[in-house]
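Trainee: I would like a close look at one part of this chain, namely a place where two helices pack together. Please set it in the context of the whole chain as well.

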Amino acid sequence: MEHAELQRRLDTVWRMESPRLVARLARMLGDLDSAEELAQDALVAALEHWPRHGVPDNPAAWLMTTAQRRAIDRLRQRRLHVQAELTDELQEPTMGADAREYLDDFGDDLLRLVFVACHPVLPAEARVALTLRLLCGLSTAEIARAYLQPEATIAQRIVRAKRLLAERQVPFEVPRRQDLQPRLQSVLEVVYLVFNEGYAASSGEDWMRPALCEEALRLVRILNGLLPSTVAVLGLLALMELQASRLRARTGADGAPVLLPAQDRSRWDWLQIARGLQALDAAEALGGAEDAYVLQAGIAACHARARRAEQTDWQHIAELYTRLGQVTPSPVVELNRAVAIAQARGAEAAWPLVEALSGDARLKGYAPLAAVRGDLLDKLGRAAEARVAFELAAELSGNAREREVLLSRAAAV
């Protein structure tokens, strides 16, 4: 196998499996720093071993086996006893029962890691940053963009969070049912941010990272199984199912982005839409109509129910964003409301709202704001200003595919 191809394959496996490695190692060691260190050691071992002996049939299990053996060595160095079942897990991986056991066990490990990272001993913002770092391997820069915070601030939060978890000796376990609720909101927020990073990657060459969407969906489905009548969980499940239903239609054959109005809606997953609408109905039946996730799912449902783009009920979407802004005030919510108003009532009605947001310091350097300004300026006939706005949005974007779209818009103006 060519070195470049091997590196590409290893990068893919690492991107998908590193959260699982860290989750399992953290459970074994009770130490996040050691878990991340040994996960990296397993990657280095693969770089040394695979070029000589070939890529194993089950590369994920190979990485886990290697990492766990090093973890046991670490435990022995600490003079701790290794339980017999851990030793039993370390047989050479195959594609048979061992591989199935390896895959089946990770839901618990990942969910456990989410709740550890969202432990009440940590400030809320640290819980989010740490879980994003551990569960999907996002860089501090990607997390900072998601939260509109300086990168240095996010890095400090992660370091302090790990230190505090170690100092307080937080156990690596899923909390008891009576302790779940206080930690649930932060967990849901984190899971949705993971989904969003997969749905519209904040950096890199790819428009989307579908594996992250799948991971987030799996996590929220686990939560729904654990708490089946919880409004916020049902609302987030509905929202993510409805958004994920559009994944196949969001890129063309060449991988280029296809924006919502131009999508071939026959490529939407209508069975997934049905599941999302069912979860939304269940959340509303429980009295959750004003929950933030239920409101967002309602917005997604407006798109899902429109078989053609021109059938979209933008006025209702604007109303839902108004209610969402009352529940969770945010400049990003206000920006999305302005977009809906532009679609429902025209660019003239939305322009004052967007201009007001341009002075909000929290949106400084936020590419979508510049892109919306470009779109409205174009519709208002202010071509030169629109071109500048699209070029600025492209400059601010960290995603290569998104930059291409924005520069194409600038050129078309």
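Mentor: What follows starts with the whole chain, goes to one helix pair, and then takes up a second pair and some single residues.

The model is predicted. The protein chain has 20 helices and 0 strands. Its radius of gyration is 23 Å, close to the 22 Å that the globule rule gives for 413 residues, so the chain is as compact as a globular protein of that length. The C-alpha trace spans about 70 × 55 × 40 Å along its principal axes. Of the 413 residues, 50% are buried. If we take contacts between residues at least 6 apart in sequence, 65% of them join residues at least 24 apart.

Now the part you asked about. Helix α15 covers residues 314–327 and helix α16 covers residues 331–345; their axes are 8 Å apart and the packing angle is about 160°. Angles over 145 degrees count as roughly antiparallel, and α15 and α16 are therefore roughly antiparallel to each other. The crossing of α15 past α16 is left-handed. On the α15 side, the contact is made by W314, Q315, I317, A318, Y321, T322, L324 and G325. On the α16 side, the residues are V333, E334, N336, R337, A340, I341, Q343, A344 and R345. Sorted by class, this contact has 9 nonpolar, 5 polar and 3 charged residues.

A second pair can be read in the same way. Helix α19 (residues 383–396) and helix α20 (residues 400–412) cross at roughly 165°, and their axes come within 8 Å. That angle makes α19 roughly antiparallel to α20. Their crossing is left-handed. From α19, the contact takes in R387, F390, E391, A393 and A394, while α20 supplies R403, L406, L407, R409 and A410. By class, the contact of α19 with α20 has 6 nonpolar, no polar and 4 charged residues.

Single residues fill in other places along the chain. L135 lies in helix α7, which runs over residues 124–136. Residues under 20% relative accessible area count as buried, so L135, at 3% relative accessibility, is buried. Leaving out residues up to four places away in sequence, L135 touches P19, L110, L113, V114 and L219. L135 and E215 are 80 residues apart in sequence, yet their C-alpha atoms are 9.1 Å apart in space.

G198 is found in helix α10 (residues 177–199). G198 has a relative accessible area of 0% and is therefore buried. Beyond its neighbours within four places in sequence, G198 is in contact with M208, R209, P210, L212 and C213. One of these, L212, is 14 residues from G198 along the chain, and the two C-alpha atoms are separated by 4.7 Å.

The last residue is Q169, which is found in the loop between α9 (151–167) and α10. Q169 has a relative accessible area of 68% and so is exposed. Most residues other than glycine have a negative phi. Phi of Q169, however, is near 55°, a positive value in a residue other than glycine.

Conventions
Residues numbered from 1 in each chain as written. Predicted model: local features only at pLDDT ≥ 70, side-chain atom pairs only at ≥ 80, totals over all residues. Heavy atoms only, no water. Axes fitted to C-alpha atoms, helices over the stretch in contact; angles between N-to-C directions. Helix = DSSP H or I, 4+ residues; strand = E, 2+ residues; numbered from the N terminus. Parallel < 35°, antiparallel > 145°, perpendicular 65-115°, else oblique. Left-handed = near helix turned anticlockwise from the far one by under 90°. Contact = heavy atoms within 4.5 Å. Nonpolar A, V, L, I, M, F, W, Y, C, P; charged D, E, K, R; others polar. Rg over C-alpha atoms; globule rule 2.2 N^0.38 Å. Buried < 20%, exposed > 50% of the residue type's maximum accessible area, 1.4 Å probe, protein only.
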